[in-house]
Amino acid sequence: MNEQQYRAVTDWARRSPSRLRLITALCRLLPVTLFVLYGLSSLYLLFYFFSGHFSARLLAFWIVPGFGFVSVSILRKRINAPRPYECFSFTPLLSHHTGKSFPSRHTACAFLISLSLLWLSGMGIFPSALAWLSLIFALLTGLSRLVAGLHFVRDVLAGIAWAVIFSCLYFLF
């Protein structure tokens with residue numbers, strides 16, 4: 001997106017107080033919702049382990065998102081790319097610190113969690129409907145970061161790619 005597009009989107013959101021509240025709520029609540037879902041599924045997986053179904057391979061449910069989060073955080077810090085509102089003249093919908101825009105950590109973590117849930121679902125351990133819902137939430141997380149003016153499209157796409165590649169390295173092999 002260019003400066004005009006960011007201005008148009010953020011101005012469009014600001015023209016309606018209810019629309020602005022919805023977008024800012026999505027930016028804040030979607031990551032929290034995914035984290036809560038991940039926490040609850042972690043508890044479920046622990047009960048699954050203690051009921052006699054322990055498998056070291058299932059530890060990847062925690063290892064993959066954990067290492068993915070740490071590695072994307074390190075990468076962002078090293079690259080320290082500016083955010084759209086630093087490059088262009090507009091005010092984002094949410095206040096945010098400067099720099100560390102690439103890749104989007106919110107998007108990467110949302111997809112790491114969602115792909116972990118889909119992996120468990122594929123093994124019949126986690127409800128498929130919730131796993132697919134988490135994928136929708138992950139997509140909406142990335143989209144909300146764009147609409148709020150906090151990330152460039154490349155940041156969100158790189159966050160998705162990071163999560164997919166990182167997850168596939170373990171979950172598919």
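Colleague: Which helix gives the most to the lining of the largest pocket?

Modeller: Please keep in mind that this is a predicted model. As a general idea, rolling a probe the size of a water molecule over the atoms shows where empty space is left. In this structure α5 gives the most to the lining of the largest pocket, with five residues.

Colleague: How many residues line the largest pocket, and which lie nearest its centre?

Modeller: The lining is made up of 13 residues, and F35, F69, C109, A110 and I113 are those that lie nearest the centre of the largest pocket. Two or more lining residues come from each of α2, α3 (60–79) and α5 (105–122), and the space in this largest pocket is about 200 Å³.

Colleague: Where does S114 lie, and is it buried or exposed?

Modeller: S114 lies in helix α5, and because buried means under 20% relative accessible area, S114 counts as buried at 0% relative accessibility. Leaving aside its neighbours within four places in sequence, S114 is in contact with A131, S134, L135 and A138.

Colleague: What span should helix α1 have, judged by its number of residues?

Modeller: The idea is to count 1.5 Å a residue, so the twelve residues of α1 (residues 3–14) should span 16 Å, and the end C-alpha atoms of α1 are indeed 16 Å apart, which agrees. The check can be repeated on α3, where the 20 residues should span 28 Å and the end C-alpha atoms are 27 Å apart, which agrees.

Colleague: Which residues of α1 are buried?

Modeller: They are Y6, T10 and A13. Seen down the axis of α1, these buried residues fall within an arc of 55 degrees, so they line one face of the helix. The elements they pack against are α2 (17–53), α4 (84–87), α6 (128–147) and α7 (153–171). At the N-terminal end of α1, N2 acts as a cap, with a side-chain oxygen 3.1 Å from the backbone nitrogen of Q4.

Colleague: What do the buried residues of α3 pack against?

Modeller: The buried residues of α3, among them A60, F61, V64 and P65, pack against α2, α5 and α7. From helix α2, which holds S42, there is a case to set beside this: S42 is buried, with a relative accessible area of 12%, and, leaving aside its neighbours within four places in sequence, S42 is in contact with F61 and W62.

Colleague: How should I read L46, and how far apart are L46 and L143 in space?

Modeller: L46 also lies in helix α2, and at 35% relative accessibility L46 counts as partly exposed. L46 and L143 are 97 residues apart in sequence, and their C-alpha atoms are 32 Å apart in space.

Colleague: Which residue with a positive phi follows α3?

Modeller: That residue is N80, which has a positive phi of about 50 degrees although it is not a glycine. N80 is placed in the loop between α3 and α4, and N80 counts as partly exposed at 42% relative accessibility. K100 can be read in a similar way, with a positive phi of about 55 degrees although K100 is not a glycine. K100 lies in the loop between α4 and α5 and is partly exposed, with a relative accessible area of 33%.

Colleague: Where is P103 found, and is the peptide bond from F102 to P103 cis or trans?

Modeller: P103 is found in the loop between α4 and α5, and the peptide bond from F102 to P103 is cis, with omega near -10 degrees.

Technical notes: Residues are numbered from 1 along each chain as its sequence is written. This is a predicted model: local features need pLDDT of at least 70, side-chain atom pairs count only at pLDDT 80 or more; totals for chains, interfaces and linings use all residues. Side-chain values use heavy atoms; hydrogens and water are left out. Helices (H or I, at least four residues) and strands (E, at least two) are DSSP runs, numbered from the N terminus. The expected span of a helix is 1.5 Å times one less than its number of residues. Buried means under 20% relative accessible area, exposed over 50%, partly exposed in between (1.4 Å probe, protein chains only). The arc is that of the directions from the helix axis to the C-beta atoms. Contact means heavy atoms within 4.5 Å. A polar contact is a pair of N or O atoms within 3.5 Å; within protein, one must be able to donate a hydrogen and the other to accept it, and residues adjacent in sequence count only if both atoms are side-chain atoms. On a 1 Å grid over the protein atoms alone, a cavity is a set of points where a 1.4 Å probe fits but cannot get out, and a pocket is an open set with protein on both sides within 12 Å along at least five of seven lines; lining residues have an atom within 4 Å of a point. Grid points are joined across faces, edges and corners, and a volume is the space filled by probe spheres set on the points.
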